[in-house]
Amino acid sequence: MTSISPLLLATEGFSLNTNIFDTNIINLIIVIVVLVLFLKGFLGGILERRREAILADLKDAEERLLIASKALEEGQLELAQAQATAQKILSDGKKRAMAIREDSEMRTIQEMARIRQDAVANLSAETARVVELLRLETARSAVEKAIAALPGKLNASIQAKLIDRSIEALG
């Protein structure tokens with residue numbers, strides 16, 4: 001291959017524009033026109049598909065947002081119901097505990113009263129037994145003293161009167 005000289009190209013109908021500013025503008029215009037004409041359909045299709053994909057994603061995101069909002073509302077409602085149920089259970093538990101405590105206190109008071117009555121009854125029975133024992137002991141002691149003193153105080157006439165009175169009391 002032989003090298004082509006700029007002079008040869010100039011003689012053949014080609015001329016070189018050495019003005020850099022003019023050549024860049026022309027080149028840019030040519031590139032832009034080629035891009036617009038040839039790539040318009042290709043880039044437009046890509047951009048349109050991308051736009052449709054973005055719109056579909058936005059629509060899907062909005063639907064998921066609505067579903068999530070409904071689920072959040074339902075969850076908050078269930079939470080409120082669960083809290084109300086828990087509060088009711090707590091309140092019922094406190095009432096039940098109070099009733100059990102009061103019942104236990106009443107049973108304790110009744111048991112204490114019963115024990116006290118039993119103690120009083122036992123004390124009364126023991127007192128009666130001791131009084132009876134003291135009475136018997138006192139009577140036995142009095143009889144012993146009377147029997148011991150009697151032989152010196154009884155003569156035949158007093159003894160006859162005593163026997164007569166005893167017979168009268170029996171008869």
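**Figure 1. Confidence along the chain, from helix α1 to helix α2.** In this predicted model, helix α1, covering residues 6-11, has the lowest mean pLDDT among the elements of the chain, at 50. Helix α2 has the highest, with a mean of 88. Over the chain, pLDDT averages 84, and 84% of the residues reach a score of at least 70. A friendly word of caution for helix α1, then: where pLDDT is low, the predicted coordinates should not be read in detail.

**Figure 2. The chain as a set of helices.** The secondary structure amounts to three helices and zero strands. Following the sequence, you will meet the pattern α-α-α. Helix α2 takes in residues 20-153, and it is the setting for the side chains of the views that follow Figure 3. How many of the 171 residues count as buried? The share is 0%. The chain exposes about 15700 Å², and 66% of this area is supplied by carbon and sulfur atoms.

**Figure 3. A nonpolar patch on the surface.** Here Ile25, Ile26, Ile29, Ile30, Val33, Val34, Leu37 and Phe38 make a nonpolar surface patch of about 760 Å². Take Phe38 as your landmark: this residue lies in helix α2. Is Phe38 buried or exposed? With a relative accessible area of 64%, Phe38 is exposed, because the cut-off for that class is over 50%.

**Figure 4. Arg114 and Glu111, a salt bridge within a network.** The chain has 11 salt bridges, and this view shows the one between Arg114 and Glu111. Their closest N and O atoms are 2.3 Å apart. Why can such partners meet? Side chains of opposite charge can pair when their charged atoms come close. Arg114 and Glu111 are three residues apart in helix α2, so about one helical turn separates them. Arg114 is partly exposed, at 39% relative accessibility, and Glu111 is also partly exposed, at 34%.

**Figure 5. Glu126 and Arg129, with Thr127 between them in the numbering.** The side chains of Glu126 and Arg129 form a salt bridge with an N to O distance of 2.3 Å. These two residues of helix α2 are three residues apart, which means that they are separated by about one helical turn. Glu126 is partly exposed, with a relative accessible area of 36%, and Arg129 is partly exposed at 44%. While you are here, have a look at Thr127, which is in helix α2 as well. Which backbone oxygen lies 2.6 Å from a polar atom of the side chain of Thr127? The oxygen belongs to Leu123. Thr127 itself is partly exposed, with a relative accessible area of 41%.

**Figure 6. Glu132 and Arg135, and a look back at the network.** Glu132 and Arg135 join their side chains in a salt bridge, with N and O 3.3 Å apart. Being three residues apart in helix α2, Glu132 and Arg135 have about one helical turn between them. Are the partners exposed or partly exposed? Glu132 is partly exposed, with a relative accessible area of 37%, whereas Arg135 counts as exposed at 53% relative accessibility. To return to the residues of Figure 4, salt bridges with shared partners link Glu111, Arg114 and Asp118 into one network.

Conventions: Residues are numbered from 1 along each chain as its sequence is written. This is a predicted model: local features need pLDDT of at least 70, side-chain atom pairs count only at pLDDT 80 or more; totals for chains, interfaces and linings use all residues. Side-chain values use heavy atoms; hydrogens and water are left out. Patches are made of residues with over 30% relative accessible area and no salt bridge: like charges are joined within 9 Å, nonpolar side chains (Val, Leu, Ile, Met, Phe, Trp, Tyr) within 5 Å. Accessible areas come from the Shrake-Rupley method with a 1.4 Å probe; for residues, only the protein chains shown count as cover. Helices (H or I, at least four residues) and strands (E, at least two) are DSSP runs, numbered from the N terminus. Buried means under 20% relative accessible area, exposed over 50%, partly exposed in between (1.4 Å probe, protein chains only). pLDDT is the predictor's confidence in each residue, from 0 to 100. A polar contact is a pair of N or O atoms within 3.5 Å; within protein, one must be able to donate a hydrogen and the other to accept it, and residues adjacent in sequence count only if both atoms are side-chain atoms.
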